[in-house]
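User: I have a few "how do you know" questions about this model. Could you walk me through the reasoning behind the labels?

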Amino acid sequence: IVGIRAGICGPFSLAASLCPKEELLMGIMTDPEHVTNLLSKCCEVIQLYIDYLQGSCPGIVMFDSLIAPPLVRPEDYESIILPHHRSLIAYARTKGFPHQILISGGDTRPILNYLESTGATQLLLDYTISAQEASEVITSSTTVYRYNLDPLKLMTFPKDEIKTYVQRVLNQLPNRKSFILGTGILSADTPVENIAAVKEGLAAE
């Protein structure tokens, strides 16, 4: 039996689907109280979805990539968005989900200490930074991190280069027990044999 975790939209990304993204980002600076109220309403809806999922899967994966700098300044993430992430992750935990995962693509290093404080059991470090840089910024000893391989490389590199790329990434992650190796969104044009080459590169280690 394979447990399937459920994906949910994070509050900031949900808010961006309710109003133009530009207005939402400007509102952080011009009307933060309004943005905070909107995020609170979004959290109420997300909690209803978490209630619906209760008992059906081993964990929830909250996707909220719009929070990554430079779209949102670290100080604005801390004061406006972080409290909502904390509350949703805590809520999911009270509903019995053992895994509460928070995924944000992009370079999240400027807000990584805040992300670690959300209580999420897993965070993402994206391929926009090197594996070496990813291993150097981690401060939490209890959080698991997914490091993404570059999907463009997996689509375009020859198989042997993919294997070498995977092995280089692994060598730059000294504490592998803290990492899950993943990938950014793969194009449907990615050859299946290229994906198999990732597995072969892992097996070689």
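User: Why is Cys 19 called partly exposed?

Analyst: Happy to explain, keeping in mind that this is a predicted model. Cys 19 has 21% relative accessibility, and buried would require under 20% while exposed would require over 50%. The value lies in between, so Cys 19 counts as partly exposed.

User: What makes Cys 43 buried?

Analyst: Its relative accessibility is 5%. The cut-off for buried is under 20%, so Cys 43 meets it.

User: How do you know that Cys 19 is not in a disulfide?

Analyst: A disulfide needs two cysteine sulfur atoms within 2.5 Å. The closest cysteine sulfur to that of Cys 19 belongs to Cys 42, and at 8.4 Å it is too far for a bond. Cys 43 is in no disulfide either: the nearest cysteine sulfur, again that of Cys 42, is 7.1 Å away. The count by this rule is zero disulfides.

User: Which residues of helix H2 are buried, and why are they said to be on the same side?

Analyst: In H2, residues 21–30, the buried ones are Leu 24, Gly 27 and Ile 28. They span an arc of only 110 degrees around the axis, so they lie on the same side of H2. Glu 22, Glu 23, Met 29 and Thr 30 are exposed on the face turned away from that buried side.

User: What do the buried residues of H2 pack against?

Analyst: Their partners are helix H1 (11–18), helix H3 (32–53) and helix H4 (74–94).

Methods:
Residues numbered from 1 in each chain as written. Predicted model: local features only at pLDDT ≥ 70, side-chain atom pairs only at ≥ 80, totals over all residues. Heavy atoms only, no water. Buried < 20%, exposed > 50% of the residue type's maximum accessible area, 1.4 Å probe, protein only. Helix = DSSP H or I, 4+ residues; strand = E, 2+ residues; numbered from the N terminus. Arc of directions from axis to C-beta. Contact = heavy atoms within 4.5 Å.
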